[in-house]
Amino acid sequence: MTMQQIADQVGVSKFAVSQALSGKNGVSEETRTKIIQTASALGYRISNPSPSDKPLKQKVDFDKNNTGDRNTVIILMPNVRFQDSKSGFWGKIVFSVSTELENLGKRIMMLTEQNAEGLTKIINPDAILGLIGVGYIARPLLLEIRNSQIPFVLVDHEDPLIPCDSVFMNNYDAFRKLTTHLYSLGHTHMRFVGPPAYSRSFHDRWLGFRMILEENGLSLPPSDDPFIAYEEKEAYEWLEKNVDLLIEREQLPTVFVCANDFFANMMIEILQQRNLKVPEDVSVTGFDNAEDNNDLLQLTTVHVPNPLLGIRAVEVLQQRLKHPDRPFEKVLISGELLLRQTVRKI
């Protein structure tokens, strides 16, 4: 990130940016504040602050209860339904984060994205030890968190404009492993089901799938493939429509490789309603190993160790507080391929 890029973002000259970041006169306080906030949001490291400047980062020993009044960690969730610790994928992560923090003697404040708008107006940033965001968090709210100088870690989400520590499932490698297994069973006509643009996790799973097809010389789905073009429609009706189209054209693949178990279980139900047997006629795979979705056949899927994602997020926050100036980290956690009833050898 350069001063010119910051200048372009704010709409001022490069000279004004230089003056503001070095603490010199020549710009108004309003412009100085806007420049510093933009620089911080874009990841520009402000060096050699003047002695009168408030330190941007403070080293804190998370493990020892010597943080004074700063003993509260915010768990930020994108939707109120994720507060239920039994709600599949997200709930297990939230539960493990809160349990780990409680074991460390930390107070917990749970917020959803809806009630976290104007975050700095409802909390005192100086009283917050750190923040862990679970799932998608909108960019304006992430900018506000970064500008408040609260140390934070994101689980299963990242934003290219807001560098920070993050914890992810190793979606790319896990999907490569799954797709390679399908290829080894003789599947050469595969269709990915799910919108890659929905999240970074879905995108990485799509990339892992594509790479195995390319490396083995298999034909790729068309660029306008409707099975990856889902846009907040009724998911079940969307799948039904496109499955019926493939049946009509006699273009059913040998396996539907679904972005998660939610899509996979819907796909199995839709196929069975059309008198197609799984896996005899069409194989289906999922991803997540979400127990609340596996109410049909035992699904071939990838197990995501959700509790470990939460535990590692707390550990990464601990290290960020101890070493505030070290480079940001992206932690990737491996998953286990679970071979069950919904895939057959060709």
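This is a chat about the helices, strands and rings of a predicted model.

User: Let's start at the front. Which residues of helix 1 are buried?

Analyst: Helix 1 covers residues 3-10, and its buried residues are I6, A7 and V10. Looking down the axis of helix 1, those buried residues fall within an arc of 100°, so they line one face of the helix.

User: Why would residues a few places apart point the same way?

Analyst: An α-helix has 3.6 residues a turn, so residues three or four places apart point the same way.

User: OK, and what's on the other side of helix 1?

Analyst: That's where you find D8 and Q9, which are exposed.

User: What follows helix 1?

Analyst: G11 does, and its phi is positive, near 90°. Helix 6 (residues 139-147) is also followed by a residue with positive phi: Q149, near 65°.

User: While you're on helix 6, which residues are buried there?

Analyst: In helix 6 they are L141, L142, E144, I145 and R146.

User: Switching to sheets. What's the strand order in the sheet with 6 strands?

Analyst: The order is 2-1-3-4-5-10, the sheet is open and the pairing is parallel. Strand 2 (107-112) and strand 10 are the edge strands, each pairing on one side only. From one strand to the next, the twist averages 20°.

User: What holds strands together in a sheet, generally?

Analyst: Strands of a sheet pair through backbone hydrogen bonds, either parallel or antiparallel.

User: Let's zoom in on strand 5. Why is it described as largely enclosed?

Analyst: Strand 5 is residues 165-169, and 5 of the 5 are buried, so the rest of the structure largely encloses it.

User: Which way do its residues point?

Analyst: D165, V167 and M169 point one way from strand 5, while S166 and F168 point the other way. All of them are buried. In general, side chains in a regular strand alternate between the two faces of the sheet.

User: How many bridges does strand 5 make with strand 4?

Analyst: There are 3 bridges between strand 5 and strand 4 (residues 152-155), in the parallel sense. V155 stands opposite V167, and L154 has S166 as its bridge partner.

User: And how many with strand 10?

Analyst: Strand 5 is joined to strand 10 (residues 330-333) by 4 bridges, and the two run parallel. For example, F168 has L332 as its bridge partner in strand 10.

User: What sits over the ring of F168?

Analyst: The charged end of K330 does, 4.9 Å from the centre of that ring.

User: Back to sheets. What about the one with 3 strands?

Analyst: That sheet is open too, in the order 6-7-8, with parallel pairing. Strand 6 and strand 8 (283-285) are at the edges with a single partner strand each, so one side of each is left without a neighbour in the sheet. Neighbouring strands here are turned by 20° against each other on average, ignoring direction.

User: How many bridges join strands 7 and 8?

Analyst: Strand 7 (residues 255-258) and strand 8 run parallel and are joined by 3 bridges. F256 has V284 in strand 8 as its bridge partner.

User: New topic: how many aromatic pairs are there?

Analyst: The count is 9 aromatic pairs. One of them is F192 with F209: the ring centres are 5.6 Å apart and the planes are at 50°, so the pair is tilted. The pair links distant parts of the chain, with F192 in strand 6 (residues 190-193) and F209 in helix 8 (residues 200-215), 17 residues apart.

User: Are those two buried or exposed?

Analyst: F192 is buried, and so is F209. They also belong to an aromatic cluster formed by F175, F192, W206, F209 and F287.

User: How many disulfides?

Analyst: The count comes to 0. As for cysteines, C164 is buried with a relative accessible area of 11%, and C258 is buried at 0%.

User: Last one: where is G91?

Analyst: G91 is in helix 4 (residues 88-103). G91 counts as buried, at 0% relative accessibility. In sequence G91 and N306 are 215 residues apart, yet in space they are 8.8 Å apart, C-alpha to C-alpha.

Definitions and conventions. Residues are numbered from 1 along each chain as its sequence is written. This is a predicted model: local features need pLDDT of at least 70, side-chain atom pairs count only at pLDDT 80 or more; totals for chains, interfaces and linings use all residues. Side-chain values use heavy atoms; hydrogens and water are left out. Buried means under 20% relative accessible area, exposed over 50%, partly exposed in between (1.4 Å probe, protein chains only). The arc is that of the directions from the helix axis to the C-beta atoms. Two strands pair if DSSP finds at least two bridges between them. A disulfide is a pair of cysteine sulfur atoms within 2.5 Å. Rings of Phe, Tyr and Trp (its six-membered ring) pair if their centres lie within 6.5 Å; planes under 30 degrees apart count as stacked, over 60 as edge-to-face and the rest as tilted. A charge sits over a ring if NZ of Lys or CZ of Arg is within 6 Å of the ring centre and within 35 degrees of the ring normal. Axes are lines fitted to C-alpha atoms, for helices over the stretch in contact, and angles run from 0 to 180 degrees between N-to-C directions.
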